[in-house]
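Subject: A structure for you to look at

Hello,

Here is the structure I promised to pass on. Please have a look at it first, and then read my notes below.

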Amino acid sequence: MRILVPGGAGFIGSNFVHTLHHERPSWEVTVLDAMTYAANPATVAGFPTGTEVVAGSITDATLVDRLVRSHEVVVNFAAESHNDAALASPEPFVQTNVVGTFTLLEACRSHGARFHHVSTDEVFGDLPLGTPEAFTEATPLRPSSPYSATKAGGDVLVGAWARSFGVQATVSRCSNNFGPFQHVEKFIPRQITTLLDGGRPQVYGTGANVRDWIHVDDHNSAVLALLDQGVPGKAYLIGARCEKSNLDVVRTLLELFGLAPDFYDLVADRPGHDLRYAIDPSLLEGDTGWAPAHTDFHSALKETVDWYRDNEQWWRPTKAATEEFYRSRA
Ligand code: NAD
Ligand code: TDX
(Lines give C-alpha, C1' and ligand atoms only; values in the text may rest on other atoms or scores of the structure.)
(Ligands and ions follow the chains in the order given, each with its own letter.)
Protein backbone atom coordinates (compact mmCIF):
# COMPACT_ATOMS: atom_id res chain seq x y z
CA MET A 1 0.00 0.00 0.00
CA ARG A 2 1.32 3.47 -0.90
CA ILE A 3 -0.04 6.25 1.31
CA LEU A 4 0.34 10.01 0.84
CA VAL A 5 0.28 12.05 4.07
CA PRO A 6 -0.17 15.78 3.37
CA GLY A 7 0.75 17.80 6.48
CA GLY A 8 2.87 14.93 7.78
CA ALA A 9 5.54 17.29 9.15
CA GLY A 10 3.09 18.93 11.58
CA PHE A 11 1.95 17.78 15.01
CA ILE A 12 -0.73 15.16 14.35
CA GLY A 13 0.55 14.14 10.91
CA SER A 14 4.07 13.40 12.16
CA ASN A 15 2.72 11.27 15.00
CA PHE A 16 0.63 9.47 12.34
CA VAL A 17 3.81 8.72 10.36
CA HIS A 18 5.22 7.00 13.48
CA THR A 19 1.90 5.17 14.04
CA LEU A 20 2.05 3.84 10.46
CA HIS A 21 5.62 2.67 10.99
CA HIS A 22 4.50 0.57 13.98
CA GLU A 23 1.04 -0.52 12.82
CA ARG A 24 1.52 -0.85 9.03
CA PRO A 25 5.27 -1.49 8.61
CA SER A 26 4.92 -2.67 4.98
CA TRP A 27 3.23 0.55 3.78
CA GLU A 28 5.22 3.02 1.69
CA VAL A 29 4.78 6.48 3.20
CA THR A 30 5.17 9.81 1.35
CA VAL A 31 4.79 13.06 3.28
CA LEU A 32 3.78 16.20 1.34
CA ASP A 33 4.29 19.31 3.44
CA ALA A 34 4.71 23.01 2.66
CA MET A 35 7.04 23.28 5.71
CA THR A 36 5.32 26.41 6.99
CA TYR A 37 6.31 27.91 10.36
CA ALA A 38 4.20 25.10 11.93
CA ALA A 39 6.45 22.32 10.61
CA ASN A 40 9.68 21.55 12.42
CA PRO A 41 12.70 20.28 10.41
CA ALA A 42 13.74 18.25 13.47
CA THR A 43 10.46 16.34 13.25
CA VAL A 44 11.27 15.33 9.66
CA ALA A 45 14.84 14.42 10.61
CA GLY A 46 13.40 11.91 13.10
CA PHE A 47 11.14 10.08 10.62
CA PRO A 48 11.54 6.32 10.20
CA THR A 49 14.01 5.30 7.48
CA GLY A 50 12.26 5.01 4.12
CA THR A 51 9.76 7.83 4.70
CA GLU A 52 9.79 9.99 1.59
CA VAL A 53 9.33 13.73 2.18
CA VAL A 54 8.23 16.11 -0.59
CA ALA A 55 8.28 19.86 0.13
CA GLY A 56 5.29 21.49 -1.52
CA SER A 57 1.77 22.80 -1.10
CA ILE A 58 -1.55 20.99 -1.34
CA THR A 59 -2.69 23.99 -3.41
CA ASP A 60 -0.18 23.08 -6.17
CA ALA A 61 -2.48 21.12 -8.52
CA THR A 62 0.31 19.82 -10.78
CA LEU A 63 2.37 18.48 -7.90
CA VAL A 64 -0.66 17.05 -6.09
CA ASP A 65 -1.90 15.29 -9.22
CA ARG A 66 1.52 13.73 -9.86
CA LEU A 67 1.80 12.46 -6.27
CA VAL A 68 -1.78 11.19 -5.91
CA ARG A 69 -1.41 9.26 -9.19
CA SER A 70 1.16 6.97 -7.54
CA HIS A 71 -0.63 6.45 -4.19
CA GLU A 72 -3.73 4.40 -3.34
CA VAL A 73 -4.58 6.29 -0.14
CA VAL A 74 -4.39 9.94 0.93
CA VAL A 75 -4.84 10.99 4.57
CA ASN A 76 -4.87 14.77 4.80
CA PHE A 77 -3.47 16.50 7.89
CA ALA A 78 -2.27 19.61 6.00
CA ALA A 79 -3.94 22.73 7.34
CA GLU A 80 -3.44 26.12 8.84
CA SER A 81 -4.42 25.10 12.35
CA HIS A 82 -4.12 27.95 14.85
CA ASN A 83 -7.11 30.09 15.84
CA ASP A 84 -5.03 33.03 17.05
CA ALA A 85 -3.08 33.07 13.76
CA ALA A 86 -6.35 33.06 11.77
CA LEU A 87 -7.59 36.08 13.72
CA ALA A 88 -4.35 37.91 12.84
CA SER A 89 -4.26 36.84 9.16
CA PRO A 90 -7.05 34.63 7.75
CA GLU A 91 -6.03 34.48 4.05
CA PRO A 92 -3.67 31.45 4.24
CA PHE A 93 -6.46 29.56 6.04
CA VAL A 94 -8.79 29.99 3.07
CA GLN A 95 -6.04 28.93 0.65
CA THR A 96 -4.88 25.80 2.46
CA ASN A 97 -8.03 24.63 4.26
CA VAL A 98 -10.47 25.25 1.40
CA VAL A 99 -8.53 25.48 -1.90
CA GLY A 100 -5.98 22.87 -0.76
CA THR A 101 -8.74 20.40 0.17
CA PHE A 102 -10.39 21.02 -3.22
CA THR A 103 -7.07 20.35 -4.97
CA LEU A 104 -6.59 17.03 -3.14
CA LEU A 105 -10.18 16.00 -3.90
CA GLU A 106 -9.78 16.69 -7.61
CA ALA A 107 -6.65 14.54 -7.76
CA CYS A 108 -8.37 11.72 -5.83
CA ARG A 109 -11.31 11.95 -8.25
CA SER A 110 -8.99 11.68 -11.26
CA HIS A 111 -7.01 8.74 -9.94
CA GLY A 112 -9.57 6.84 -7.82
CA ALA A 113 -7.61 7.24 -4.59
CA ARG A 114 -9.20 6.65 -1.18
CA PHE A 115 -9.29 9.97 0.73
CA HIS A 116 -9.54 10.56 4.46
CA HIS A 117 -9.79 14.17 5.60
CA VAL A 118 -8.79 15.11 9.14
CA SER A 119 -10.97 17.82 10.60
CA THR A 120 -12.08 19.31 13.87
CA ASP A 121 -15.04 19.53 16.23
CA GLU A 122 -14.74 23.32 15.96
CA VAL A 123 -16.83 23.18 12.76
CA PHE A 124 -19.86 22.77 15.09
CA GLY A 125 -19.21 26.06 16.86
CA ASP A 126 -19.44 25.85 20.65
CA LEU A 127 -21.68 24.49 23.41
CA PRO A 128 -22.86 26.29 26.55
CA LEU A 129 -20.77 25.89 29.70
CA GLY A 130 -22.14 23.62 32.40
CA THR A 131 -24.49 21.47 30.31
CA PRO A 132 -24.22 17.74 29.53
CA GLU A 133 -24.85 18.40 25.80
CA ALA A 134 -22.24 16.99 23.37
CA PHE A 135 -21.62 17.15 19.61
CA THR A 136 -22.84 14.15 17.60
CA GLU A 137 -22.76 13.33 13.87
CA ALA A 138 -26.23 14.97 13.66
CA THR A 139 -25.03 18.35 15.00
CA PRO A 140 -25.26 21.04 12.28
CA LEU A 141 -22.12 22.90 11.18
CA ARG A 142 -22.05 26.34 12.82
CA PRO A 143 -18.42 27.50 12.82
CA SER A 144 -17.74 30.66 14.78
CA SER A 145 -14.10 31.53 14.01
CA PRO A 146 -12.16 32.21 10.79
CA TYR A 147 -10.18 28.99 11.36
CA SER A 148 -13.22 26.78 11.93
CA ALA A 149 -15.13 28.38 9.04
CA THR A 150 -12.35 27.40 6.63
CA LYS A 151 -12.24 23.87 8.08
CA ALA A 152 -16.02 23.59 7.60
CA GLY A 153 -15.55 24.80 4.00
CA GLY A 154 -13.10 21.96 3.32
CA ASP A 155 -15.38 19.41 5.03
CA VAL A 156 -18.44 20.22 2.93
CA LEU A 157 -16.37 19.94 -0.24
CA VAL A 158 -15.40 16.40 0.82
CA GLY A 159 -19.05 15.45 1.38
CA ALA A 160 -20.06 16.84 -2.01
CA TRP A 161 -17.20 15.12 -3.88
CA ALA A 162 -18.17 11.80 -2.25
CA ARG A 163 -21.84 12.11 -3.16
CA SER A 164 -21.63 13.74 -6.62
CA PHE A 165 -18.42 12.22 -7.95
CA GLY A 166 -18.25 8.98 -5.96
CA VAL A 167 -14.88 9.83 -4.38
CA GLN A 168 -14.16 7.22 -1.67
CA ALA A 169 -13.85 9.87 1.02
CA THR A 170 -14.43 10.03 4.77
CA VAL A 171 -14.04 12.88 7.25
CA SER A 172 -13.14 12.74 10.94
CA ARG A 173 -13.73 15.57 13.38
CA CYS A 174 -11.62 15.30 16.50
CA SER A 175 -11.45 17.20 19.77
CA ASN A 176 -8.33 18.96 21.15
CA ASN A 177 -5.15 16.89 20.87
CA PHE A 178 -2.07 16.89 23.10
CA GLY A 179 1.19 14.94 23.05
CA PRO A 180 4.71 15.15 21.61
CA PHE A 181 5.71 17.30 18.61
CA GLN A 182 2.94 19.93 19.14
CA HIS A 183 3.94 23.48 18.24
CA VAL A 184 4.53 25.73 21.27
CA GLU A 185 1.87 28.18 20.05
CA LYS A 186 -0.84 25.76 21.25
CA PHE A 187 -2.24 25.91 24.80
CA ILE A 188 -0.63 22.90 26.52
CA PRO A 189 2.88 23.14 24.98
CA ARG A 190 2.87 26.93 25.44
CA GLN A 191 2.21 26.59 29.16
CA ILE A 192 4.64 23.67 29.61
CA THR A 193 7.52 25.47 27.88
CA THR A 194 6.75 28.73 29.70
CA LEU A 195 6.89 26.83 33.01
CA LEU A 196 10.16 25.16 31.96
CA ASP A 197 11.51 28.70 31.40
CA GLY A 198 10.34 29.75 34.87
CA GLY A 199 7.40 31.86 33.59
CA ARG A 200 3.73 31.96 34.51
CA PRO A 201 1.02 30.27 32.37
CA GLN A 202 -1.05 32.73 30.32
CA VAL A 203 -4.78 31.97 30.53
CA TYR A 204 -7.33 33.72 28.32
CA GLY A 205 -10.34 35.39 29.94
CA THR A 206 -11.42 33.65 33.14
CA GLY A 207 -10.01 30.21 32.23
CA ALA A 208 -13.52 28.71 32.36
CA ASN A 209 -13.58 27.68 28.67
CA VAL A 210 -13.75 23.91 28.31
CA ARG A 211 -11.92 21.68 25.84
CA ASP A 212 -12.33 17.89 25.38
CA TRP A 213 -8.78 16.47 25.40
CA ILE A 214 -7.46 13.41 23.56
CA HIS A 215 -3.94 12.04 23.26
CA VAL A 216 -2.65 12.36 19.69
CA ASP A 217 -1.99 8.58 19.47
CA ASP A 218 -5.65 7.89 20.26
CA HIS A 219 -6.71 10.32 17.53
CA ASN A 220 -4.44 8.52 15.08
CA SER A 221 -5.58 5.02 16.05
CA ALA A 222 -9.14 6.20 15.33
CA VAL A 223 -8.06 7.58 11.93
CA LEU A 224 -6.55 4.17 11.08
CA ALA A 225 -9.77 2.43 12.18
CA LEU A 226 -11.78 4.76 9.90
CA LEU A 227 -9.40 4.18 7.01
CA ASP A 228 -10.19 0.47 7.34
CA GLN A 229 -13.86 0.59 8.31
CA GLY A 230 -15.25 4.08 7.60
CA VAL A 231 -18.15 4.30 5.16
CA PRO A 232 -17.35 6.64 2.22
CA GLY A 233 -19.45 9.79 2.35
CA LYS A 234 -19.69 9.73 6.15
CA ALA A 235 -18.18 12.11 8.71
CA TYR A 236 -17.27 10.68 12.14
CA LEU A 237 -16.50 12.28 15.49
CA ILE A 238 -13.40 11.32 17.49
CA GLY A 239 -13.16 12.09 21.19
CA ALA A 240 -12.09 10.49 24.47
CA ARG A 241 -14.66 11.91 26.92
CA CYS A 242 -12.13 14.11 28.72
CA GLU A 243 -13.60 17.58 29.27
CA LYS A 244 -11.45 20.01 31.27
CA SER A 245 -11.60 23.75 31.79
CA ASN A 246 -8.43 25.58 30.81
CA LEU A 247 -7.87 26.40 34.49
CA ASP A 248 -8.17 22.69 35.38
CA VAL A 249 -5.41 21.93 32.88
CA VAL A 250 -3.17 24.75 34.15
CA ARG A 251 -3.66 23.65 37.77
CA THR A 252 -2.70 20.07 36.85
CA LEU A 253 0.44 21.40 35.16
CA LEU A 254 1.27 23.53 38.22
CA GLU A 255 0.90 20.47 40.46
CA LEU A 256 3.21 18.47 38.13
CA PHE A 257 5.79 21.29 38.39
CA GLY A 258 5.39 21.50 42.20
CA LEU A 259 4.12 25.10 41.99
CA ALA A 260 1.31 26.96 43.78
CA PRO A 261 -2.17 26.59 42.19
CA ASP A 262 -2.44 30.37 41.62
CA PHE A 263 0.87 30.70 39.71
CA TYR A 264 -0.73 31.90 36.46
CA ASP A 265 -1.88 35.15 34.79
CA LEU A 266 -5.35 35.82 33.43
CA VAL A 267 -4.85 37.76 30.17
CA ALA A 268 -7.06 39.36 27.48
CA ASP A 269 -9.59 36.93 26.05
CA ARG A 270 -9.49 35.60 22.46
CA PRO A 271 -12.09 37.46 20.32
CA GLY A 272 -15.10 35.20 19.71
CA HIS A 273 -13.57 32.55 22.04
CA ASP A 274 -15.62 29.32 21.81
CA LEU A 275 -16.92 28.39 25.27
CA ARG A 276 -17.00 24.63 25.29
CA TYR A 277 -16.43 21.61 23.05
CA ALA A 278 -17.56 18.07 23.93
CA ILE A 279 -17.74 14.99 21.72
CA ASP A 280 -20.02 11.99 21.90
CA PRO A 281 -17.89 9.29 20.19
CA SER A 282 -20.58 6.55 20.33
CA LEU A 283 -20.87 6.11 16.54
CA LEU A 284 -17.12 5.60 16.10
CA GLU A 285 -16.98 3.19 19.05
CA GLY A 286 -20.01 1.23 17.80
CA ASP A 287 -19.00 1.08 14.12
CA THR A 288 -15.29 0.31 14.56
CA GLY A 289 -14.77 -0.97 18.13
CA TRP A 290 -12.21 1.83 18.64
CA ALA A 291 -11.37 2.85 22.22
CA PRO A 292 -8.75 5.32 23.49
CA ALA A 293 -5.68 3.87 25.22
CA HIS A 294 -4.60 7.03 27.13
CA THR A 295 -7.54 7.27 29.53
CA ASP A 296 -5.61 8.71 32.50
CA PHE A 297 -5.28 12.42 31.65
CA HIS A 298 -2.96 13.15 34.59
CA SER A 299 -0.36 10.56 33.61
CA ALA A 300 -0.63 11.35 29.87
CA LEU A 301 -0.06 15.03 30.68
CA LYS A 302 2.94 14.11 32.86
CA GLU A 303 4.43 12.12 29.97
CA THR A 304 3.92 15.15 27.72
CA VAL A 305 5.65 17.44 30.24
CA ASP A 306 8.54 14.95 30.37
CA TRP A 307 8.74 14.91 26.55
CA TYR A 308 9.10 18.71 26.39
CA ARG A 309 11.62 18.65 29.25
CA ASP A 310 13.67 16.00 27.41
CA ASN A 311 13.38 17.58 23.93
CA GLU A 312 14.23 21.23 24.46
CA GLN A 313 16.32 21.22 21.27
CA TRP A 314 13.09 20.46 19.37
CA TRP A 315 11.01 23.40 20.70
CA ARG A 316 13.59 26.01 21.73
CA PRO A 317 14.10 27.46 18.18
CA THR A 318 10.38 28.38 17.95
CA LYS A 319 9.69 29.66 21.47
CA ALA A 320 10.91 33.28 21.25
CA ALA A 321 9.10 34.04 17.96
CA THR A 322 5.90 32.49 19.31
CA GLU A 323 5.97 34.61 22.46
CA GLU A 324 6.76 37.67 20.32
CA PHE A 325 3.62 36.91 18.26
CA TYR A 326 1.53 36.82 21.45
CA ARG A 327 3.17 40.00 22.82
CA SER A 328 2.49 41.85 19.56
CA ARG A 329 -1.22 41.02 19.87
CA ALA A 330 -1.60 41.90 23.55
P1 NAD B 1 -0.07 21.67 12.58
O2 NAD B 1 -0.22 23.13 12.36
O3 NAD B 1 0.82 21.19 13.67
O4 NAD B 1 0.42 20.96 11.22
C5 NAD B 1 -0.08 21.30 9.98
C6 NAD B 1 0.94 20.91 8.92
O7 NAD B 1 0.41 21.26 7.63
C8 NAD B 1 2.29 21.64 9.05
O9 NAD B 1 3.34 20.72 8.91
C10 NAD B 1 2.29 22.62 7.88
O11 NAD B 1 3.59 22.89 7.37
C12 NAD B 1 1.43 21.87 6.87
N13 NAD B 1 0.81 22.76 5.88
C14 NAD B 1 0.21 23.96 6.08
N15 NAD B 1 -0.21 24.46 4.91
C16 NAD B 1 0.11 23.55 3.95
C17 NAD B 1 -0.07 23.49 2.55
N18 NAD B 1 -0.68 24.48 1.88
N19 NAD B 1 0.38 22.41 1.89
C20 NAD B 1 1.01 21.40 2.55
N21 NAD B 1 1.23 21.41 3.87
C22 NAD B 1 0.78 22.47 4.57
O23 NAD B 1 -1.56 21.13 12.78
P24 NAD B 1 -2.08 19.86 13.58
O25 NAD B 1 -2.40 20.26 14.96
O26 NAD B 1 -1.17 18.71 13.33
O27 NAD B 1 -3.48 19.63 12.82
C28 NAD B 1 -3.58 18.72 11.72
C29 NAD B 1 -5.04 18.62 11.32
O30 NAD B 1 -5.79 18.16 12.43
C31 NAD B 1 -5.67 19.96 10.93
O32 NAD B 1 -6.55 19.75 9.86
C33 NAD B 1 -6.45 20.38 12.16
O34 NAD B 1 -7.55 21.15 11.79
C35 NAD B 1 -6.87 19.03 12.69
N36 NAD B 1 -7.16 18.98 14.13
C37 NAD B 1 -6.24 19.41 15.02
C38 NAD B 1 -6.51 19.32 16.39
C39 NAD B 1 -5.53 19.76 17.43
O40 NAD B 1 -5.86 19.78 18.62
N41 NAD B 1 -4.29 20.12 17.09
C42 NAD B 1 -7.74 18.80 16.82
C43 NAD B 1 -8.66 18.37 15.86
C44 NAD B 1 -8.35 18.46 14.52
O1 TDX C 1 -1.97 30.89 25.72
C2 TDX C 1 -3.11 30.42 25.62
N3 TDX C 1 -3.99 30.58 26.67
C4 TDX C 1 -5.25 30.08 26.64
O5 TDX C 1 -6.02 30.27 27.62
C6 TDX C 1 -3.55 29.69 24.46
C7 TDX C 1 -2.60 29.49 23.30
C8 TDX C 1 -4.83 29.18 24.47
N9 TDX C 1 -5.67 29.38 25.52
C10 TDX C 1 -7.01 28.76 25.50
C11 TDX C 1 -7.83 28.96 24.27
C12 TDX C 1 -8.65 27.67 24.19
O13 TDX C 1 -9.79 27.80 25.05
O14 TDX C 1 -6.78 27.35 25.59
C15 TDX C 1 -7.72 26.62 24.79
C16 TDX C 1 -6.99 25.82 23.73
O17 TDX C 1 -6.39 26.74 22.82
P18 TDX C 1 -5.59 26.25 21.51
O19 TDX C 1 -4.50 25.35 21.90
O20 TDX C 1 -5.27 27.47 20.70
O21 TDX C 1 -6.69 25.32 20.81
P22 TDX C 1 -8.15 25.58 20.22
O23 TDX C 1 -8.35 26.98 19.84
O24 TDX C 1 -9.12 24.93 21.17
O25 TDX C 1 -8.03 24.71 18.86
C26 TDX C 1 -7.33 23.44 18.88
O27 TDX C 1 -8.24 22.37 18.90
C28 TDX C 1 -8.99 22.15 17.75
C29 TDX C 1 -6.40 23.32 17.69
O30 TDX C 1 -5.49 24.39 17.67
C31 TDX C 1 -7.17 23.25 16.40
O32 TDX C 1 -6.30 23.03 15.30
C33 TDX C 1 -8.14 22.12 16.50
O34 TDX C 1 -8.97 22.11 15.37
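Before the notes begin, one convention on residue classes: Ala, Val, Leu, Ile, Met, Phe, Trp, Tyr, Cys and Pro count as nonpolar, Asp, Glu, Lys and Arg as charged, and the others, Gly among them, as polar. With those classes, the shell around ligand 1 has 15 nonpolar, 14 polar and 3 charged residues. Please keep in mind that this is a predicted model.

Let me stay with ligand 1 for a moment. There are 32 residues around this ligand, and those that come nearest are Gly7, Gly10, Phe11, Ala39 and Ala79. Two or more residues of the shell come from each of α1 (11–23), β2 (28–33), α5 (91–111), β5 (114–120) and β7 (176–178).

Ligand 2 has 16 residues around it, with Ser81, Thr120, Lys186, Phe187 and Tyr204 coming nearest. Both α7 and β8 (202–204) supply at least two residues of its shell, and the largest share, 3 residues, is from β8. By class, the shell around ligand 2 splits into 3 nonpolar, 8 polar and 5 charged residues.

Now to the sheets. One is an open sheet of 7 strands with parallel pairing, in the order β3-β2-β1-β4-β5-β6-β10. Its edges are β3 (52–55) and β10 (235–238), each of which pairs on one side only. On average, neighbouring strands here are turned by 20° against each other, direction ignored. If you would like a pair to look up, take β4 (residues 73–76) and β5, which pair in the parallel sense over 4 bridges. There, valine 73 stands opposite arginine 114 of β5. Helix α8 (residues 216–229) packs on this sheet, where it touches β4, β5, β6 (169–174) and β10. The direction of α8 makes about 160° with that of β6.

Another open sheet has 3 strands, in the order β7-β9-β11, and its pairing is mixed. Here β7 and β11 (243–245) are the edge strands, each pairing on one side only. From one strand to the next, the twist averages 50°. Strand β9 (residues 210–215) and β11 run antiparallel and are joined by 3 bridges. Arginine 211 has lysine 244 in β11 as its bridge partner.

Two helix pairs are worth a visit as well. Helix α3 (residues 61–69) packs against α5 at an angle of about 40°, and their axes are 9 Å apart. That angle makes α3 oblique to α5. Their crossing is right-handed. From α3, the contact uses Ala61, Val64, Asp65, Val68 and Arg69, while α5 brings Thr103, Leu104, Ala107, Cys108, Ser110 and His111. These residues divide into 6 nonpolar, 3 polar and 2 charged.

Further along, α7 (residues 187–196) and α9 (residues 246–256) pack at about 35°, with their axes 11 Å apart. The crossing of α7 and α9 is also right-handed. Which residues of α7 meet α9? They are Phe187, Ile188, Gln191, Ile192 and Leu195, and they meet Asn246, Val249, Val250 and Leu253 in α9. By class, this contact has 7 nonpolar, 2 polar and no charged residues. You may recognise Phe187 of α7, which is also among the residues that come nearest to ligand 2.

Enjoy exploring, and do write back with any questions.

Best wishes

Conventions. Residues numbered from 1 in each chain as written. Chains lettered and ligands numbered in written order. Predicted model: local features only at pLDDT ≥ 70, side-chain atom pairs only at ≥ 80, totals over all residues. Near = placed C-beta within 6 Å. Axes fitted to C-alpha atoms, helices over the stretch in contact; angles between N-to-C directions. Left-handed = near helix turned anticlockwise from the far one by under 90°. Contact = placed C-beta atoms within 7 Å. Parallel < 35°, antiparallel > 145°, perpendicular 65-115°, else oblique. Pairing = 2+ DSSP bridges.
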